[in-house]
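Please open the structure in a viewer and keep the selection panel at hand. The tour below proceeds one selection at a time.

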Amino acid sequence: MSDKAYVRTEMLEPRDPPPSSVGPIHWIRENLFATWFDAILTILSAAAIIGLLIEVVPWLLSPTWGGTSLDNCRKILAAANHDGGACWGVISERWLQMLFGFYPAELYWRPIAAFVLLGVALAPVLFSDKVPGKLLYFTAAYPFFFPWLLWGGTIWGPLAAAAGFFIGYGVYVVASRMVGNLTGVIAGILAAIIWWLVLSGYAVDALAGIAPIGIEPVESRKFGGFMLSITIGVVAIGASLPLGIVLALGRQSDLMIVKYLSVWFIEFIRGVPLITLLFVASTLLNIFMPPGTDFDIILRVLIMVTLFASAYMAEVIRGGLAALPKGQYEAADALGLDYWKAQRLVIMPQALKISIPGIVSTFIGVFKDTTLVSIIGLLDPLGLSNAIRADSAWNGIVWELYGFIALIFFVFTFSMSRYSMYLERKLHTGHR
Amino acid sequence: MKKTVLFGALTIAGLAAGAAAAGTLDDVKARGKLNCGVTTGLVGFAAPDANGEWHGFDVAVCRAVAAAVLGDQNAIEFVPTTGKTRFTALASGEVDMLARNTTWTFSRDVDLKFEFVGVNYYDGQGFMVPKSLGVSSAKELDGATVCIQTGTTTELNLADFFRSNNISYEPVPIETNAEAQQQYLAGACDVYTTDASGLAATRATFENPGDHVILPEIISKEPLGPLVRHGDPEWGDLVRWTLNALISAEELGITSANIDELKKGTNNPEINRILGTEGKLGEMLGLDADWAYRAIKANGNYGEIFAKNIGENTPVGLARGLNAQWKEGGLLYSPPFR
Amino acid sequence: MNRRHETRPECHGDFSVMTTLTDPPKEQFRLSMLLYDMRYRSATIQVIALMGFMLLAAWLINNTAQNLAALGKPIDFGFLSEPAGYDINQRLLDYNSQDSHLRAAFMGLLNTLVVAVLGCATATILGVIIGVLRLSHNWLVSRLMTIYVEAFRNVPVLLWIVFIMAILIETLPAPRAFRGDNPTAEMMLGDSVAVTNRGVYIPEVLFSNSLGDVHLFGNSPLRFDVSLDLVVILIVLGLGLWVSRLIKIRADRIQEATGDRPTTWYLRLGVVLVPLLVVLWWLGFHFGYPELKGFNFRGGTHLRNSLIALWLALSLYTAAFIAEIVRAGIMAIPKGQTEAAAALGLRPRRIMSLVILPQALRIIIPPLISNYLNLTKNSSLAIAVGYMDITGTLGGITMNQTGRELECVLLLMLVYLLISLSISAVMNWYNESVKLKER
């Protein structure tokens with residue numbers, strides 16, 4: 001220590017920072033009025049927000065939840081001296097229809113159960129670290145369970161469809177012992193196809209005759225509203241996943257013909273708007289099928305949307321394959337794995353995991369695009385809004401319906417996109 | 001056909017091909033349901049209510065056919081179709097009949113291979129304008145902006161009308177009636193043109209219907225009627241005579257109220273033939289004797305259906321006009337039941 | 001296939017060079033080799049794939065032919081030359097209802113291209129601004145931009161299109177509001193612009209001494225008028241820019257030689273502007289203002305509601321995606337770049353425009369291309385607001401009136417495919433040109 005007189009020996013009390021650099025004033029100055037340009041932006045944005053709120057809030061706070069028709073709403077508003085409010089009666093009367101379409105009211109539990117169980121089935125994939133892996137069996141069974149819940153009918157249908165896979169696998173095991181691996185694979189695939197196309201129909205009829213277990217069938221024409229949108233989205237994404245994997249592998253393949261077929265397909269689908277594919281579904285698909293074939297419009301839309309989604313899915317998975325370090329391929333080769341074993345055991349599990357955020361955003365895209373089916377006359381939320389406006393009680397309603405539809409879409413897609421961002425962050429940390 | 005949709009999807013290639021066209025009547029009976037194409041929504045003609053039940057003038061025709069064939073007016077699947085999809089839906093066999101205010105024209109009948117079974121509403125394209133414009137004739141509409149519903153014959157009629165009168169206009173094509181109405185009310189178009197019935201129906205729902213006039217010019221003939229596919233005359237006959245039964249019933253005074261009374265037998269042989277107490281008309285159609293009884297019983301005769309859905313006491317408020325019975329100066333004229 | 005292959009030439013040759021005494025046992029071709037021999041397997045798989053594809057195609061074509069024969073509608077594009085019979089409100093070239101369906105489709109195609117080009121340009125500008133603002137330090141602005149991006153990204157574009165159309169229709173004044181003694185609405189910018197719920201009327205460019213048009217392609221459906229005025233103006237402008245460039249090159253040379261750069265900006269501006277103004281004066285350039293006459297505004301250029309709604313909705317929607325791409329692109333640039341630029345004394349806005357954005361561009365462009373493609377494809381939703389694009393004409397009224405679904409949908413897909421492929425080709429070429437040149 002020093003004893004020089006000019007050296008201070010005791011410390012000064014720390015002082016409060018000047019008021020301009022702490023507290024809300026500082027925060028405001030730093031974050032809202034840092035420069036004159038910032039100030040202008042702030043004032044403009046604040047003015048825009050306030051202006052919008054002044055317009056919208058009184059409209060939203062309208063005492064018309066009990067309105068029975070547009071006229072009735074106008075009367076309620078006039079009585080309450082509330083000028084220019086929304087007519088919420090239409091939502092309170094029709095919200096169930098907007099959600100479920102024409103699905104029989106006593107069976108609403110089925111779509112609800114289907115979508116809740118969908119969450120359960122997806123849990124082991126989406127939150128792999130928090131859920132027991134055993135649930136994966138449920139995930140595998142779910143693709144057969146889901147359509148049964150929605151469409152109903154005999155239980156033997158989905159069981160027979162699932163049986164095709166077991167039969168194929170059984171034939172493969174037996175045949176590969178007898179004649180060799182590759183022949184076994186071909187025999188297994190052939191057996192499964194023959195089962196699905198020819199035998200299963202009789203089997204289902206027979207079994208349904210012996211043990212008629214089933215739930216009430218619901219025709220797909222009764223599907224509507226958000227249920228229809230979600231069903232199209234889920235089925236299209238689910239069914240396009242295997243197709244997309246095949247296409248992505250085909251595009252990466254060294255086999256020229258296979259590669260070109262895949263590239264052409266992908267580029268064709270990605271080059272035309274979805275609406276033209278929906279035109280195909282609504283006007284042409286039946287023409288492409290054998291004479292006399294007739295399956296309903298929702299099924300046709302499902303087919304076309306699945307093809308549409310599979311091209312995008314293929315690109316997402318290709319991205320996943322490309323993101324995989326080359327060493328993984330080489331390591332798999334070095335282990336002596338053949339192409340399919342390498343794909344199944346090494347490449348795909350990793351590539352698919354990387355692709356999940358992309359798959360989720362493809363799903364969001366497809367889900368949003370399902371509104372296009374209103375153009376070909378299906379009663380999705382937007383189509384239903386037109387049908388509701390054709391009811392003489394609600395003729396002339398605009399904003400309430402659009403606002404409600406937009407809100408529900410926003411809730412669905414926003415939460416999904418948040419999830420996908422969470423996943424991306426998680427995957428990123430995993431890679432470093 | 002297969003039991004489940006899933007199976008339908010899996011087996012389309014193999015099995016469904018075999019289930020090719022038997023007659024439509026047999027298909028409908030086997031299915032137990034009638035597939036009927038309607039609009040996606042038009043006030044008074046077809047619209048679903050909060051329970052998903054369809055109601056309307058066109059819907060009632062479907063219900064009558066279902067009642068005649070299947071004995072249950074609710075054994076129907078309504079397939080909403082747009083102006084664009086309706087013909088393919090019928091041609092592809094997705095619907096058994098179309099009751100969707102469709103104009104009977106030569107090219108649709110001959111070139112598109114459909115069979116119009118009759119006319120359930122005689123309509124014509126008209127114009128609606130706000131009274132404040134002070135227009136009294138469509139010929140004064142030079143330079144006006146005209147809202148049209150696309151996918152119909154309206155845009156062709158409109159082009160022809162303005163061309164032949166040598167006046168200019170600005171077409172605003174719109175997909176649905178609801179949107180057209182919205183644009184018209186906001187003043188985004190001066191004129192709304194569609195079938196006169198549609199205009200009246202639309203005007204009826206306005207806040208102030210009196211502020212709008214429908215101009216006297218009717219620029220086209222629009223006989224609207226149900227249609228079926230070419231090539232199945234039996235089915236066409238059935239739909240045609242169901243419609244005729246509804247019309248004749250009104251002419252002969254058969255209503256849903258007195259039909260049970262009349263069913264017991266009357267002095268009028270035609271009533272007896274329609275209601276199946278005399279002759280074998282039902283058998284000739286491939287149905288039982290009570291077919292017309294059920295069709296009329298379902299929603300009443302033509303007049304009752306008209307009054308309930310689009311008549312003067314409904315919000316739509318259409319007068320009978322051309323659609324009155326021939327005895328009352330209208331065009332409705334059912335061929336005799338004998 | 002079960003023939004024996006006598007020799008496999010290259011093997012045989014190799015071995016015969018090595019030893020002439022012990023010829024190895026000749027390899028026999030067995031059927032199973034098609035599957036198990038790596039040399040044949042790929043060919044086998046390809047042949048099977050090709051056969052499968054051709055079988056599928058043949059099956060589909062056969063079905064289609066049978067069905068069409070049953071419907072009595074063989075494939076026939078003859079309907080394209082028949083009179084369309086309907087009017088199109090927004091037509092860039094001359095068209096009336098007596099023109100052919102092909103001409104109508106052509107008008108539709110032009111309308112598609114118009115909205116696609118306008119939309120892409122607006123979406124890019126908006127997207128870049130919003131993407132940059134989202135990274136702003138201004139708390140309110142960055143939150144607002146986040147809300148904007150999330151709101152537009154998470155609601156279907158079709159809903160936005162009908163929503164914006166409804167806003168335009170309901171909130172803007174009708175032309176009749178401009179009429180009468182006490183009009184409730186007024187024209188803007190000195191009575192030159194009228195904003196109505198039928199669209200926006202802006203002044204149009206007119207030439208009183210117009211040189212007229214050149215009619216190309218005679219009377220065919222693809223006939224095309226080229227305005228000679230425009231050609232002359234473009235030629236003069238081009239010449240002016242060329243001379244201006246020569247002046248710049250000369251100034252550069254002087255600077256290299258002497259170190260002093262002569263002041264040339266007024267010269268360069270002059271050689272572009274003066275001839276242009278002279279030509280415009282010679283052509284009798286003036287504006288035609290919109291005027292309320294009869295039912296509507298007449299004169300001026302009419303930007304229709306449907307165009308504005310579609311254009312706005314598509315660009316606002318796509319801008320939300322582009323903003324995210326721009327943000328990601330900017331965030332991908334290492335912070336060191338910003339710091340280095342700051343150390344050089346650049347101000348924040350110049351750092352952004354001179355250092356960050358040029359580098360971010362390389363990351364931004366590939367996803368930008370796919371957003372342009374999406375916007376173009378989404379323009380097919382024009383049908384929802386009655387904008388007569390190619391889907392509305394060829395895929396809408398024409399398909400409906402002629403009943404030629406197969407032909408119309410095929411043509412429609414072909415057109416969109418061609419548009420998409422050309423956009424990707426152009427943008428890929430641009431991408432190549434800005435790519436980091438690795439040496």
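**A strand within chain B**

Begin by selecting residues 169–174 of chain B, which form strand β10. In this predicted model, 6 of the 6 residues of β10(B) are buried, so the strand is largely enclosed by the rest of the structure. A residue is counted as buried here if 20 or more other C-beta atoms lie within 10 Å of its own.

Next, display the side chains of β10(B) and consider its two faces in turn. Which residues cover each side? On one side are B:Y169, B:P171 and B:P173, and on the other are B:E170, B:V172 and B:I174. These residues are all buried, and both faces of the strand are thus covered.

Now add residues 144–149 of chain B, which make up strand β9. The strands β9(B) and β10(B) run parallel and are joined by 6 bridges. To examine one pairing, select B:I148, whose bridge partner in β10(B) is B:P173. B:P173 also belongs to the buried residues of β10(B).

**The two domains of chain B**

Widen the selection to the domains of chain B. Colour residues 5–122 together with 224–328 as domain 1, and residues 125–220 as domain 2, following the domain assignment. The centres of these two domains of chain B, taken over C-alpha atoms, are separated by 30 Å. Where the domains touch, domain 1 of chain B contributes 15 residues and domain 2 of chain B contributes 13 residues. On the domain 1 side of this contact there are 7 nonpolar, 7 polar and 1 charged residues.

**Chain C against chain B**

Select chains B and C together. Their contact takes 30 residues from chain C and 30 residues from chain B. On the chain C side, α6 and α12 each supply at least two residues. The most comes from α12(C), which gives 6 residues. By class, the side of chain C that touches chain B divides into 11 nonpolar, 14 polar and 5 charged residues.

**Chain C against chain A**

Finally, hide chain B and show chain A beside chain C. This contact takes 46 residues from chain C and 43 residues from chain A. On chain C, the elements that give two or more residues include α2 (33–36), α5 (139–153), α6 (157–171) and α13 (405–434). Highlight α3(C), residues 38–71, for the largest share of this side, 13 residues. The side of chain C that touches chain A has 30 nonpolar, 13 polar and 3 charged residues. The helix α12(C), residues 390–402, also gives two or more residues to this side.

Technical notes:
Residues are numbered from 1 along each chain as its sequence is written. Chains are lettered from A and ligands numbered from 1 in the order in which they are written. This is a predicted model: local features need pLDDT of at least 70, side-chain atom pairs count only at pLDDT 80 or more; totals for chains, interfaces and linings use all residues. A residue is buried if 20 or more other C-beta atoms lie within 10 Å of its own, exposed if 12 or fewer, and partly exposed in between; C-beta atoms are placed from the backbone. Helices (H or I, at least four residues) and strands (E, at least two) are DSSP runs, numbered from the N terminus. Two strands pair if DSSP finds at least two bridges between them. Two residues are in contact if their C-beta atoms, placed from the backbone, lie within 7 Å. Ala, Val, Leu, Ile, Met, Phe, Trp, Tyr, Cys and Pro count as nonpolar, Asp, Glu, Lys and Arg as charged, and the others, Gly among them, as polar. Domain bounds come from an automatic or database domain assignment.
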